[in-house]
Amino acid sequence: MRAIFFIFLLITTISVAQESSMDPNHSILENTESSDNYKTLSAVMKASDLDVILNENGPFTVFAPSDLAFEKKITSSKMTELLKSENKKDLQDLMAYHIVAGNLTASKILQALCSGKGKASFTTVQGDEIMATMNGLDIVLTDGSGNTAKIVSADANQSNGVIHEIDGVILPKKI
């Protein structure tokens with residue numbers, strides 16, 4: 001019972017943190033474009049042409065790396081290279097690896113973790129899986145290469161899905 005209380009407290013705390021900065025009546029695209037925290041993500045969406053999809057009905061779940069997360073994982077020279085038109089496919093793979101079809105709230109992730117005895121996998125729209133686990137009270141995502149990203153702010157509801165801010169960039173096996 002105590003664990004359930006802490007999980008509820010965690011979800012409530014991280015949900016309130018993001019709700020104040022995102023308008024639930026706007027799309028994922030509109031909110032990331034207007035956010036000071038997702039300038040790189042917005043540029044990646046546009047350059048990969050996924051901005052069109054993320055402005056549609058959805059629902060989609062986006063595990064959104066902040067600008068700081070991009071800076072920690074991908075050097076500015078690598079980002080410049082990825083943003084070139086000849087690398088659009090790699091950029092699409094990178095961005096699509098952060099998107100899951102459907103509205104995957106933090107409580108749904110936690111339910112899957114409980115059902116999976118502490119592990120849950122989710123198939124991205126890119127086609128590869130990401131693994132979710134718990135580390136204390138944190139939900140941690142792991143890509144196929146072992147890179148991890150923690151959900152630092154969850155359940156920013158959008159008109160076409162939900163955004164969970166993550167502190168890292170997860171990478172598909174191809175990149």
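Two strands count as paired if DSSP finds at least two bridges between them. Helices (H or I, at least four residues) and strands (E, at least two) are DSSP runs, numbered from the N terminus.

**View 1. Strands E4 and E5 of the predicted model.** Strand E4 (residues 129–135) pairs with strand E5 (residues 138–142) in the antiparallel sense, over 5 bridges. Ala132 has Leu141, in E5, as its bridge partner. This is a predicted model, in which local features need pLDDT of at least 70, side-chain atom pairs count only at pLDDT 80 or more, and totals for chains, interfaces and linings use all residues. Residues are numbered from 1 along each chain as its sequence is written, and side-chain values use heavy atoms, with hydrogens and water left out.

**View 2. The open sheet and its edges.** The sheet holds 7 strands in the order E2-E1-E7-E6-E5-E4-E3, with mixed pairing. Strand E2 (99–101) and strand E3 (119–123) each have a single partner strand, so one side of each is left without a neighbour in the sheet. On average, neighbouring strands of this sheet are turned by 30° against each other, direction ignored.

**View 3. Helix H8 on the sheet.** Helix H8 (residues 106–115) packs on the sheet and touches strand E1 (60–65), E3, E4, E5, strand E6 (148–158) and strand E7 (161–166); contact means heavy atoms within 4.5 Å. The direction of H8 makes about 125° with that of E3. Axes are lines fitted to C-alpha atoms, for helices over the stretch in contact, and angles run from 0 to 180 degrees between N-to-C directions.
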